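Please open the model in a viewer and keep the sequence panel at hand. The stops below proceed from one selection to the next.

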Amino acid sequence: MKWIGLFILLFSIASCTTYSERDLASFDNQIKEYLDSTGLEMERTEDGLYYTIVEEGEGEEFIGYKDQVTFYYKGSFLTGNSFQVISKNDPLSFKVSQLIIGWQDALMMLKKGGSIHIIIPPQLGYADQSSSIIPANTILEYELTVLDVH
């Protein structure tokens, strides 16, 4: 199922939410505990995105903020339950600028054909907004692969 409107709408709403230092530390601790319990090793950006670049991609140009990207992914909660799978045969296509901040940051680390495993804390995701499948203030895990960049 494609949720184009959801991504755009939630990005615009979620980008307005602010969290206390205590909230941010709590999200970060939850992610660290998850990584410890699963044995995953990930890097952390300054703003709290956890990532592992599986494949950087091809070419010289990294994906830019204004680029249109075609991609597929699997989205899961830290419980391991998958909430959405977009297949390679039916990918999504968006401008990077239309996506949640965590996806923007992750995509701009890649080139065409790149793949990344990310964990997005709420402040970089959907924040305190909930949908029928994603509760408010939820930490999300994605395996994302870029097929094309325009």
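Are Tyr73 and Tyr142 buried or exposed? Select the two residues: both Tyr73 and Tyr142 are buried. Please bear in mind throughout that this is a predicted model.

**The aromatic cluster**

Keep that selection and display the rings. Those of Tyr73 and Tyr142 have centres 5.5 Å apart and planes at 70 degrees, so the pair is edge-to-face. Tyr73 belongs to strand β3 and Tyr142 to strand β7, and the pair thus links distant parts of the chain, 69 residues apart. Now extend the selection to Phe71, Phe77, Phe83, Phe94 and Trp103; together with Tyr73 and Tyr142, these residues are linked into a cluster by ring pairs. Across the whole structure, a search finds nine aromatic pairs.

**Phe83**

Centre the view on Phe83, a residue of strand β4. With a relative accessible area of 13%, Phe83 is buried, because the cut-off for that class is under 20%. Leaving aside residues up to four places away in sequence, Phe83 touches Gly75, Ser76, Phe77, Ile133, Ile134, Leu140 and Tyr142. Of these contacts, Leu140 may be examined next: it is 57 residues from Phe83 along the chain, and the two C-alpha atoms are separated by 9.6 Å.

**The largest nonpolar core**

In soluble globular proteins, nonpolar side chains tend to be buried together. Here the largest nonpolar core has 29 residues, and those touching the most other members are Phe71, Trp103, Ile118 and Tyr142. Colour β3 (68–77), β4 (82–86), β5 (92–95), α3 (101–107), β6 (115–120) and β7 (140–149), the elements that each give two or more residues to this core. Another core lies apart from it; this one has 10 residues, including Tyr19, Met42, Ala127 and Ile139.

Return to Phe71 and show its surroundings. Its contacts, again without residues up to four places away in sequence, are Ile86, Pro91, Leu92, Phe94, Leu99, Trp103, Leu144, Thr145, Val146 and Leu147.

**Helix α2**

Select residues 21–38, which form helix α2. Its 18 residues should span 26 Å at 1.5 Å a residue, and the end C-alpha atoms are indeed 26 Å apart. Which residues of α2 are buried? They are Phe27, Asp28, Ile31, Tyr34 and Leu35. In a view down the axis of α2, the buried residues fall within an arc of 120 degrees, so they line one face of the helix. An α-helix has 3.6 residues a turn, so residues three or four places apart point the same way.

Rotate to the other side of α2, where Glu21, Arg22, Glu33, Asp36 and Ser37 are exposed. The cover over the buried residues of α2 includes β1 (43–44), β2 (50–55), β6 and β7. Beyond the helix, select Gly39, which follows α2 and has a positive phi near 80 degrees.

Next, add Tyr19 to Phe27. Tyr19 is buried at 16% relative accessibility, and Phe27 is buried at 8%.

**The loop between β6 and β7**

Two residues merit selection in this loop. Ala127 lies between β6 and β7 and has a positive phi of about 55 degrees although it is not a glycine. Ala127 counts as buried, at 3% relative accessibility. Asn137 lies in the loop between β6 and β7 as well, and its phi, near 55 degrees, is likewise positive in a residue other than glycine. At 34% relative accessibility, Asn137 counts as partly exposed.

**A charge over a ring**

Finally, select Lys111 and Phe62: the charged end of Lys111 sits over the ring of Phe62, 4.8 Å from the ring centre.

Methods:
Residues numbered from 1 in each chain as written. Heavy atoms only, no water. Core = buried A, V, L, I, M, F, W, Y, C linked by side-chain atoms within 4.5 Å. Buried < 20%, exposed > 50% of the residue type's maximum accessible area, 1.4 Å probe, protein only. Helix = DSSP H or I, 4+ residues; strand = E, 2+ residues; numbered from the N terminus. Contact = heavy atoms within 4.5 Å. Expected span 1.5 Å × (residues − 1). Arc of directions from axis to C-beta. Phe/Tyr/Trp six-rings, centres within 6.5 Å; stacked < 30°, edge-to-face > 60°. Lys NZ or Arg CZ within 6 Å of the ring centre and 35° of its normal.
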